[in-house]
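This report walks through one protein model, from a single residue and its contacts outward to the core and the surface. Please keep the sequence and the structure in view while reading.

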Amino acid sequence: PDAMHDILEGVLHYIVKETLKVLIFEKNLFTVDELNQRISSYDYGYHNDSNKPAPIQRSRLCSADHSIKQHGNNNLLFTLRAVTC
């Protein structure tokens, strides 16, 4: 077992994607554009500049696979910042 591959690049993709789909498409709490604006404008700090999450594509959220196409370190930072905000 390896936490990076099993969690950060595995099950976390599925959890984040399915959660975003519910919040955006079912609950209409925010849009994909608003999410991406927050991702791009958030101050991740000097040490995390290279790990900043990539914008989430609407087509990626609607795709049949279970991935949002982020690397493990990007997923970790995205998830940690989402929980603390």
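## The surroundings of Lys17

Leaving aside residues up to four places away in sequence, Lys17 touches Arg60, Leu61, Ser63, Asp65, His66, Ser67 and Ile68. The model in which these contacts are found is a predicted one, and Lys17 itself has its place in helix H1.

Is Lys17 buried or exposed? With a relative accessible area of 0%, Lys17 is buried, because a residue counts as buried when this value is under 20%. A polar atom of the Lys17 side chain also lies 2.5 Å from the backbone oxygen of Asp65, a residue that is among the contacts of Lys17.

## A network of charged residues

How many salt bridges does the structure hold? There are three of them, and one joins Asp65 to Lys17, with the closest N and O atoms 3.3 Å apart. This pair links distant parts of the chain, since Lys17 belongs to helix H1 while Asp65 sits in the loop between helix H3 (58–62) and helix H4 (72–84), and the two are 48 residues apart. Unlike Lys17, which is buried at 0% relative accessibility, Asp65 counts as partly exposed because its relative accessibility is 30%.

Asp65 also forms a salt bridge with Arg60, and here the closest N and O atoms are 2.7 Å apart. Lys17, Arg60 and Asp65 are in this way linked in a network of salt bridges.

## A salt bridge within helix H1

Another salt bridge brings together the side chains of Glu18 and Lys21, at 3.4 Å from N to O. These two residues are three places apart in helix H1, so about one helical turn separates Glu18 from Lys21. Glu18 is partly exposed, with a relative accessible area of 24%, and Lys21 likewise counts as partly exposed, at 25% relative accessibility.

## The nonpolar core

In soluble globular proteins, nonpolar side chains tend to be buried together. In this model, the largest nonpolar core has 14 residues, and among these Leu20, Leu35 and Leu61 touch the most other members. Helix H1, helix H2 (32–41) and helix H4 each supply at least two residues of this core, and H1 gives the most, with five residues.

What does Leu20 touch, if residues up to four places away in sequence are not counted? The contacts of Leu20 are Phe25, Phe30, Leu35, Leu61 and Phe78, and two of these, Leu35 and Leu61, are named together with Leu20 as the residues that touch the most other core members. Leu61 appears among the contacts of Lys17 as well.

## On the surface

Not every nonpolar side chain is hidden, for Ile7, Val11, Tyr14 and Ile15 form a nonpolar patch on the surface, and together they have about 340 Å² of accessible area. One of these residues, Tyr14, lies in helix H1, which runs over residues 3–26. Tyr14 counts as partly exposed because its relative accessibility is 38%.

Asp33, which lies in helix H2, is exposed, with a relative accessible area of 62%. Asp33 and His13 are 20 residues apart in sequence, and their C-alpha atoms are 19 Å apart in space.

How values were computed:
Residues numbered from 1 in each chain as written. Predicted model: local features only at pLDDT ≥ 70, side-chain atom pairs only at ≥ 80, totals over all residues. Heavy atoms only, no water. Patch = residues over 30% accessible without salt bridge, like charges linked within 9 Å, V, L, I, M, F, W, Y side chains within 5 Å. Areas by Shrake-Rupley, 256 points an atom, 1.4 Å probe, with all protein chains shown as cover. Salt bridge = Lys/Arg side-chain N within 4 Å of Asp/Glu carboxyl O. Helix = DSSP H or I, 4+ residues; strand = E, 2+ residues; numbered from the N terminus. Buried < 20%, exposed > 50% of the residue type's maximum accessible area, 1.4 Å probe, protein only. Polar contact = N/O pair within 3.5 Å; in protein donor to acceptor, adjacent residues only side chain to side chain. Contact = heavy atoms within 4.5 Å. Core = buried A, V, L, I, M, F, W, Y, C linked by side-chain atoms within 4.5 Å.
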